[in-house]
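Thanks for passing this one along. Below are some notes to read with the model open beside you.

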Amino acid sequence: MSQAAPRTGKRSAAPHAADTHDTIRVLGARENNLKDVSIEIPKRRLTVFTGVSGSGKSSLVFDTIAAESQRMINETYSAFVQGFMPTLARPEVDVLEGLTTAIIVDQQRMGADPRSTVGTATDVNAMLRILFSRLGKPHIGPPSAYAFNVPSVRASGAITVEKGDKKAVKATFQRTGGMCTRCEGRGTVSDIDLGQLYDDTQSLNEGALTIPGYTAGGWNYRLYTESGLVDPDKPIRKYTKKELHDFLHHEPTRMKIAGINMTYEGLVPRIQKSFLSKDKEGMQPHIRAFVDRAVTFTTCPECDGTRLSEGARASKIKKISIADACAMQISDLATWVRGLDEPSVAPLLKALGDTLDSFVEIGLGYLSLDRPAGTLSGGEAQRAKMIRHLGSSLTDVTYVFDEPTIGLHPHDIQRMNDLLLRLRDKGNTVLVVEHKPETIAIADHVVDLGPGAGTGGGTVCFEGTVEALRAGDTITGRHFDDRSSVKDAVRTPTGTLEIRGASAHNLRDVDVDIPLGVLAVVTGVAGSGKSSLVHGSIPAGEEVVSVDQSPIRGSRRSNPATYTGLLEPIRKAFAKANGVKPALFSANSEGACPTCNGAGVIYTDLGMMAGVATTCEDCEGKRFQASVLEYHLGGKDISEVLAMSVTEAEEFFAEGEARTPAAHKILDRLADVGLGYLSLGQPLTTLSGGERQRLKLATHMGDKGGIYVLDEPTTGLHLADVEQLLGLLDRLVDSGKSVIVVEHHQAVMAHADWIIDLGPGAGHDGGTIVFEGTPAKLVADRSTLTGEHLAAYVGA
């Protein structure tokens, strides 16, 4: 048997062909506002994309690179499987080379389904259920017996088995679920306050119903007065039991009313369908106010908010039930799991312990598994999604992050930076869209898009190292080392808002006086109780205008003009100038092009292949009928007005024939928040996160109220945009409003008149006030984590 030859030859100096693919090449990207962008991104490096909000960062990273990677992976499946997957169109780009599998970790909120919790969204509950089904005493059944999403089912009867000679077999079926029967796994029960629906001293003919949209003589009203089931002249309080049931809870029934076939159903189910199933944020203000008044949510009295059946709550491991485990802070639960020593489930305990440790490592150890997923902030949801990737053994993957430092205190940002570097060091390509200088500083490669936003952006202004960016002459480079100084003089409060005994979530009986008439900033590490204090304890009255981080839900038919209410005065001005009705000037109403129904494009569904959107040939993408475009205001038709930018429209509606004060006022607010470059008819689906946040702020600035509560308004804002935001906050305060801001950005802290710092840690290590006073005193004391970071920021 011959021996193998000894390896004496040196390795060839020429690189292997496989090692030459070390960049992702993008040529001619034109997605959204990108202008033929061509770029090479190094693989297995950390690349940060910067630029003002709306400059095209997300269009390049998410809508071009990540979207094409996902589309190509989807195409590897069979046509049958592709039919069940979302269809993705190929991005507008000439060449994309060197792509690897992309894993997107974005800021999309987790589903706000009432049964979705942190535990169910991260699969920790699934592991806990298996654990309790194996070790819980008394044993109540399989893992589904501990699931609040699974109802218990029992059935019996005969089934026919079609095999040889057919025969009927008697069968019983039983499944034990863990769902609480009263609240159906929601943890809360909703009651409708009937007193808000009608005045029971009056009859229907006297106008008893007090629901928006139910006006006497309207179809909603006639449905009840002409149904024949109740006497419309009898006061509601004198109804018999049957009449009251038919009026409030009657099941849907088809009947003829005034010669028209209609469906009659009780008032309560009708209200539940028409109002309660809709997203509150998208409702008109008067309807939202009605829903707030009429619907009360209370903790389920049967399961005490745990969502679980009695059996699931009674089964315990070491005196802890699955409900107790889900209510624990995750860092405590991790300790409890490590204390269980049971060889029969050792692999499960290890997997569960590792996942819980990842929560702690990523900075979410303060959450509990029963926290509703819809209540997580964008930053928390993003970090929860990161958990499954931390322990992954995949390499050579492209990870795409959308502002991973959102919602993080400067103290937590260092930890996030370490995680990004760890992913890169495993041999992955990490692409990050980011505004914070602390994260830009750790990049191997920086790409700066701009120079402006919207149509003024979409080009690459700079690519290279962080040092070269600092020395370069781009907006990001110039603002990179910007440091605000602490105010010398602070405003004097005009009053105080007293909060006493606040105990929502992790707050520990907090008493605090928030000064009014000034810019007050609430700070603290992530999970210290800031949002609980501000949103949970400030009474939501007529005076308080709250702008939180919940996303704007908008279809491709919604645009800044419809969302802000700007279209209303514009339509009226067009109608008045031309002597026609306003409905003609809405692309969602009578004026819509009949071919594309006012969408401007025609969508062709090609089954499992990507659908095709083609510009409508009849209206040429203008969305309106040709006859509507013959009506002019100030020399422009409605489609030309909707194509204007906010700045152009502001001039147009300021003077001359088109002068419309109501429209001008809304446009002023949009320009104030830095959205002067947006076009009025741009679909909301194309706006970036920062743009949506500011659009929302501009809309709420018109609300009547003396106190503005803003939750992290710097989300998605470039360093240069933050200055503009501070100017806006100053103008609000100088006009006599009180502004309370929950914020981590040091520039906003330095600009404040008063700071309330919560801490010292997160979860049950937080929930107390560790500092109240001026920013200058916070910097001088350096007694808290926030104080230390603010002092370092201002160079004190």
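Which residues in H4 meet which residues in H12? The first point takes this up; please keep in mind throughout that this is a predicted model.

1. **The H4 and H12 pair.** From H4, the residues that take part are Val124, Met127, Leu128, Ile130 and Leu131. Their counterparts in H12 are Leu348, Leu349, Ala351, Leu352, Thr355, Leu356 and Phe359. Sorted by class, this contact has 11 nonpolar residues, 1 polar residue and no charged ones. Helix H4 covers residues 124-135 and helix H12 covers 346-361; they pack at about 145 degrees, and their axes are 10 Å apart. The crossing is left-handed. As general background, an α-helix has 3.6 residues a turn, so residues three or four places apart point the same way.

2. **The sheet from E5 to E17.** Here 6 strands make an open sheet with mixed pairing, in the order E5-E14-E15-E3-E16-E17. Its edges are strand E5 (102-105) and strand E17 (459-464), each of which pairs on one side only. On average, and with direction ignored, neighbouring strands are turned by 20 degrees against each other. Within the sheet, E14 (residues 398-402) and E15 (residues 429-433) are parallel and pair over 5 bridges. If you want a spot to zoom in on, Tyr399 stands opposite Val430 in E15.

3. **Helices on that sheet.** Helix H13, residues 378-390, packs on the sheet and touches E5 and E14. The direction of H13 makes about 145 degrees with that of E5. Helix H14, residues 410-425, lies across E3 (46-50), E14 and E15, and runs at about 150 degrees to E15.

4. **The sheet from E21 to E27.** This open sheet also has mixed pairing, and its 6 strands come in the order E21-E24-E25-E20-E26-E27. Strand E21 (544-547) and strand E27 (768-773) are at the edges; each has a single partner strand, so one side of each has no neighbour in the sheet. From one strand to the next, the twist averages 15 degrees. Strands E24 (residues 707-711) and E25 (residues 738-742) run parallel and are joined by 5 bridges. One bridge to look at pairs Ile707 with Ser738 in E25.

5. **Helices H25 and H18.** H25 packs on this sheet, touching E20 (519-523), E24 and E25, with its direction at about 145 degrees to that of E25. Which residues of H18 are buried? In this helix, residues 530-537, they are Lys530, Ser532, Leu533, Val534 and Ser537. I would linger on Lys530, as a lysine in that buried set. The buried residues of H18 pack against E18 (495-502), E19 (510-516), E20, E24, E25 and E26 (754-759).

6. **Nonpolar cores.** The largest nonpolar core has 70 residues, and those with the most contacts inside it are Ile570, Ile638, Phe653, Leu680 and Val739. Helix H25, residues 719-734, gives the most to this core, with 7 residues. Ile570 makes a handy starting point: leaving aside neighbours within four places in sequence, Ile570 is in contact with Ile638, Val641, Phe653, Ala663 and Leu680. A second, separate core has 68 residues, including Met127, Leu390, Tyr399 and Val430. Two of these names have come up as a facing pair, since Tyr399 is opposite Val430, while Met127 is one of the H4 residues that meet H12.

7. **Cis peptide bonds.** Where are the cis bonds to proline described here? One is the bond from Gly450 to Pro451, with omega near 0 degrees. Pro451 is in the loop between E16 (445-450) and E17. Another is the bond from Gly759 to Pro760, again with omega near 0 degrees. Pro760 lies in the loop between E26 and E27.

8. **Two arginines with positive phi.** Arg307 has phi near 75 degrees, a positive value in a residue other than glycine. Arg307 is in the loop between E11 (295-299) and helix H9 (310-314). Is Arg307 buried or exposed? With a relative accessible area of 7%, Arg307 counts as buried, because that value is under 20%. For Arg782, phi is near 50 degrees, also positive. Arg782 sits in the loop between helix H27 (775-781) and helix H28 (785-794). Arg782 counts as partly exposed, at 40% relative accessibility.

Conventions. Residues are numbered from 1 along each chain as its sequence is written. This is a predicted model: local features need pLDDT of at least 70, side-chain atom pairs count only at pLDDT 80 or more; totals for chains, interfaces and linings use all residues. Side-chain values use heavy atoms; hydrogens and water are left out. Two strands pair if DSSP finds at least two bridges between them. Helices (H or I, at least four residues) and strands (E, at least two) are DSSP runs, numbered from the N terminus. Axes are lines fitted to C-alpha atoms, for helices over the stretch in contact, and angles run from 0 to 180 degrees between N-to-C directions. Contact means heavy atoms within 4.5 Å. A nonpolar core is a set of buried Ala, Val, Leu, Ile, Met, Phe, Trp, Tyr and Cys residues joined through side-chain atoms within 4.5 Å. Buried means under 20% relative accessible area, exposed over 50%, partly exposed in between (1.4 Å probe, protein chains only). A crossing is left-handed if the near helix is turned anticlockwise from the far one by less than a right angle, and right-handed if clockwise. Ala, Val, Leu, Ile, Met, Phe, Trp, Tyr, Cys and Pro count as nonpolar, Asp, Glu, Lys and Arg as charged, and the others, Gly among them, as polar.
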